[in-house]
Amino acid sequence: MNTTAFQRIYTKISQVTKATCTLHAQGVGYEEMATINGRLAQVVKIQGDLITLQVFSGTEGIPTNAEVIFLGHAPQLVVSDELGGRFFNAYGFPIDGGPEIDGKTVEIGGPSVNPVRRKQPSELIATGIAGIDLNNTLVTGQKIPFFADPDQPFNQVMAMVALRAKADKIILGGMGITNDDYLFFKNVFQNAGALDRIISFVNTTEDPPVERLLVPDMALTAAEYFAVEKNQNVLVLLTDMTLYADALSIVSNRMDQIPSKDSMPGSLYSDLAKLYEKAVQFPAGGSITIIAVTTLSGGDITHAIPDNTGYITEGQLFLRKDSDIGKVIIDPFRSLSRLKQLVIGKKTREDHPQVMNAAIRLFADAANAKTKLENGFDLTDYDERTLKFAKEYSDKLLAIDVNIEIDEMMDTAWVLFDKYFNEIEVAIKADIVKKYGKFKKIEENVHST
Amino acid sequence: MSTKGKVAGIISNLVIVEVDGPVMQNEICYINLNNVDLMAEVIKIKGTQAYVQVFESTRSLKTGTEVKFTGSMLEATLGPGLLSKNFDGLQHDLDKMDGVFLKKGDYAEPLDFKSAWKFTPLVQPDEEVVAGSWLGEVTENWISHKIMVPFKFVGKFKVKSVVPAGTYKITDNIAILLDTDNKELPVTMIQKWPVKIPIKAYTEKPRPFRLLETGVRVIDSFNPMVEGGTGFIPGPFGTGKTVLQHALSKQAEADLIIVAACGERANEVVEIFTEFPELDDPRTGRKLIERTTIVANTSNMPVAAREASVYTAMTIAEYYRSMGLKILLLADSTSRWAQALREMSNRMEELPGPDAFPMDLPAIISNFYARAGYVFLPNGKTGSVTFIGTVSPAGGNLKEPVTESTKKAARCFYALSQNRADSKRYPAIDAIDSYSKYLEYEEFQNYIKENISDDWVDNIIKAKNIVIRGREAYEQINILGDDGVPIDYHQKFWKSEIIDFVLMQQDAFDKIDSSTPIERQQYMLKKVIDICHKEFSFESFDKVNPFYKQIINYFKQMNYSEFKSEKFTNFEKELENFISSNKN
Ligand SMILES: Nc1ncnc2c1ncn2[C@@H]1O[C@H](COP(=O)(O)OP(=O)(O)OP(=O)(O)O)[C@@H](O)[C@H]1O
Ligand SMILES: [Mg+2]
């Protein structure tokens, strides 16, 4: 950190806790940064001239006579085109051995977009994965997390989506990711020849957890630079937001705040929303899309972290292993893209909404049939057909290894409809069936009594 | 001299101010941060320290910063020109602010003070008036906007003079009133009112009884809402609260819609901004935006203003109610407002209630819902504010403080079910778990008999019974197996499925199906019930399913067709032929 002429230096700390130091000081601004024996810290409470600082890397070994220097500004990031292809830590300092960035210094966590200036998101993001494109279509300016158990390949899927998404910039915010995952991202991006459009802010499991709190704002501040000043379409990847929220709870706990559900701070909703709402379609053409990861414990989505996330994001993509086909699928029941309405049947073929709904409904019937089977009941002919359909639907459309064009996804669904069902069972509007349906025969007399 | 103060402490958006004079609870003050005034509200007073919640980020604020107190509470500015506006939670006009990003302290006036309106007087000199009496009117969009005696005027007044018909600015005096001491009081077209205090310029608030048509079948035909009623929509995330509220805002039979977007997604408000100027209001033939006012405090906007936003919206609604209009106020989501209260109470280190919410949460919620209602105005006319809020229960669990407190306050309960949403049975309202207390009101039943039909309420009960019996049958089938129960059980189940698929489910994104007028609902309800009361015979249980599916299919095609169009009638005929093919 550079030192300037007017810095105020103090050497008398009056109180130290696991995460904070308190001292008497004058003229300090709220949220101002400081260093304590070189460690970065931020003002979180001011009471008269008593200042409480949150020390990002923890307070281990901090003596009461440590040198405290106030830096006179909130956390900052230097932004410019030079960010492309670079790797940074949570403070925005290069960790790839490259030079410092030359550019404009901006405070992170800046103001919100005036809602009346936003544009309605309308550009479809094609990923080739039918579990996304067909059932949960993504749109630029959207914010959506993967909900996944820790053992699922969410980082792989996310990297795949990112590379296929045709974004101008991909900004990775890694929070508490393992070093292996960090190297994985680095490799995939490098191999795809995409490194120059990728910027990473990384806090690994080897770094202090509280530092993570800066990562999303760093990533989003960089994103705003490219989306606002360069009118680019920026995709921000945040993994793992559960670990981010855990860091929030560590801090609030150490500051003796009253916890609400699941020992999370009462402000969790606002804290997460402030980040996710940075996803936006700007009037001048730039956009910020956020794809995040929220790991679950034991698939429990009622836990405060996934629960609050679900209330904030525009849907969620649920990863689940389908034991019938032995592959990871995007679960059509719990997954949802709320912005899909803006594009399906409009930017895609008009039969899209109906095909999507019919297939999911039949898949649900299969789930019921499976329950029947498990309870030892006989299956009807219809039940049998739904089970066969479900298996093929899972394999050809829901599995994450699918990579086809959207029209082909719909055609595949129509073929499966015809293979296992009749028009009445599929129950799609007559004129749509006429135009796109692939039913060979008209079912004779299903209603004989 | 107004009170001044200096910042003495800062914890996030809670600021402690050392004051040099008297302060009032809920008084508004401005903190001067680098020559920008940040608005804040007093929420606690302790000796010479005022605890204020700042409606902005407090980043870089320092102790010693000057604070000016205004002597008034947070007030809404009321007058012609509120319609079609997009306000923030403090009623600043979002469209008037510059730039793409919101700037601290950019407080754009709610009304256009230069705007001029064609005024027609409604009183004569010497007439006696009270707060809320109509002095004159101007035409705003398509409504007759009444210029009223300011609500703050207490007691009786006499009109000394009123300006003749003509065009006036909203700041012009349009009348002079005399109080009992013959003091002259000029009145303009604008007035101010503290948002946290209900506007009570009415003479009586009877129990509401007139149906408020919403076009949503599972509401109107199962748990109807009334003009001046209250309701809430709890549901886990993604179950359809917002889609349902948007449907209500588009279709409900109200004169004006006030939407409070409270701590939810900005893109959802953008949807309204984008669509409403394009969509037609079938009643007036004008665009929907012309009857809509939006108060937006989205989740990324300052938390303290979230609480204010619902009060601001309610105050605007009450203002228009006093003009004899039917207002529908929607708030999405009231849980965010409760959370804002929790955040502040937490920072003030108050003793927490359940789930760390403030102890007085139930009282705050019920006082707010109590502001809705159907009222008689001083001139005998009526007006109403219907309030429907969404609740976002933590973990989807309805036994949490916000849901429980709201349940005590609201008369209609529209429970969204995760199961129904998962199986895409939209709107996911569970019609059986939900209720409308108004169905039990004798006034309501009489109103329906006179204005809709004798058997409407009976049919609602019949339909619900069919659904309940269907559910029981379904449980038995699940326990005993398809062939372990009499065929009749399958029929019972499928009859309830007809009601589910044809009446309860409704495609919010289909042009025709999305809104069903009462006449059509009545027609379909009757038709469905008739069929459900018919006996059909089947040789085996597996013949039941395709038969009823076909019936549902015909009905759905009818739902997707223009009412009584050729297409509609054709499907209806096909349905009837099909049914008579199985009749003993
Ligand atoms: N009536 C409906 N018809 C079709 N789809 C619907 C309907 N209602 C909800 N949906 C689907 O469910 C999604 C979520 O609905 P909505 O945004 O209203 O949920 P919500 O309850 O408001 O969730 P949150 O609490 O997170 O805000 C919609 O984007 C849409 O895909
Ligand atoms: Mg919602």
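**Group meeting talk: domains, buried serines and ring pairs**

In chain B, the C-alpha centres of domain 2 and domain 4 lie 56 Å apart. I should say at once that this is a predicted model, and everything that follows should be heard with that in mind. The domain assignment of chain B gives domain 1 as 4–73, domain 2 as 112–189, domain 3 as 217–436 and domain 4 as 456–582.

Let me turn to two serines in chain A, beginning with A:Ser335, which sits in the loop between strand 20 (327–330) and strand 21 (336–337) of that chain. Is this serine buried or exposed? With a relative accessible area of 2%, A:Ser335 falls under the 20% cut-off and therefore counts as buried. Its side chain has polar partners in the backbone: the side chain reaches the backbone oxygen of A:Asp331 at 2.5 Å, and one of its polar atoms lies 2.9 Å from the backbone nitrogen of A:Phe318. If we leave aside neighbours within four places in sequence, A:Ser335 is in contact with A:Asn136, A:Gln316, A:Leu317, A:Phe318 and A:Ile330, and also with B:Lys424.

The second serine is A:Ser112, in the loop between strand 10 (104–107) and strand 11 (124–125) of chain A. A:Ser112 is also in the buried class, with a relative accessible area of 15%. Here the side chain reaches into the other chain, to the backbone oxygen of B:Asn300 at 2.9 Å. Again leaving aside neighbours within four places in sequence, the contacts of A:Ser112 are B:Val100, B:Phe101, B:Leu102 and B:Asn300.

Next, a helix whose length can be checked against expectation. Helix 8 of chain A, residues 352–374, has 23 residues and reaches 33 Å from its first C-alpha to its last, which is close to the 33 Å expected at 1.5 Å a residue. Just after this helix, A:Gly376 takes a positive phi of about 80 degrees.

Now to the aromatic rings, of which the structure holds 50 pairs over all chains. One of them is formed by A:Phe88 and A:Phe201, a stacked pair at 5.2 Å centre to centre with 25 degrees between the planes. This pair links distant parts of the chain, since A:Phe88 belongs to strand 9 (residues 87–88) and A:Phe201 to strand 15 (residues 198–204) of chain A, 113 residues apart. Both partners are buried, A:Phe88 with a relative accessible area of 1% and A:Phe201 with 0%.

In chain B, why do we call the pair of B:Tyr474 and B:Phe493 stacked? The ring centres are 4.8 Å apart, and the planes stand at 25 degrees, under the 30 degrees that the class requires, so B:Tyr474 and B:Phe493 count as stacked. This pair connects helix 10 (residues 456–480), which holds B:Tyr474, with helix 11 (residues 487–504), which holds B:Phe493, across 19 residues of chain B. B:Tyr474 is partly exposed, at a relative accessible area of 32%, whereas B:Phe493 is buried, at 15%.

Ring pairs also build a cluster in chain A, linking A:Phe333, A:Phe363, A:Tyr382, A:Phe389, A:Tyr393, A:Trp414, A:Phe417, A:Tyr420 and A:Phe421. One member of that cluster, A:Tyr382, has a lysine from the other chain over its face, namely B:Lys549 at 4.1 Å from the ring centre. Within chain B, B:Lys146 lies over the face of B:Trp134, at 4.6 Å from the ring centre.

Conventions. Residues are numbered from 1 along each chain as its sequence is written. Chains are lettered from A and ligands numbered from 1 in the order in which they are written. This is a predicted model: local features need pLDDT of at least 70, side-chain atom pairs count only at pLDDT 80 or more; totals for chains, interfaces and linings use all residues. Side-chain values use heavy atoms; hydrogens and water are left out. Domain bounds come from an automatic or database domain assignment. Helices (H or I, at least four residues) and strands (E, at least two) are DSSP runs, numbered from the N terminus. Buried means under 20% relative accessible area, exposed over 50%, partly exposed in between (1.4 Å probe, protein chains only). A polar contact is a pair of N or O atoms within 3.5 Å; within protein, one must be able to donate a hydrogen and the other to accept it, and residues adjacent in sequence count only if both atoms are side-chain atoms. Contact means heavy atoms within 4.5 Å. The expected span of a helix is 1.5 Å times one less than its number of residues. Rings of Phe, Tyr and Trp (its six-membered ring) pair if their centres lie within 6.5 Å; planes under 30 degrees apart count as stacked, over 60 as edge-to-face and the rest as tilted. A charge sits over a ring if NZ of Lys or CZ of Arg is within 6 Å of the ring centre and within 35 degrees of the ring normal.
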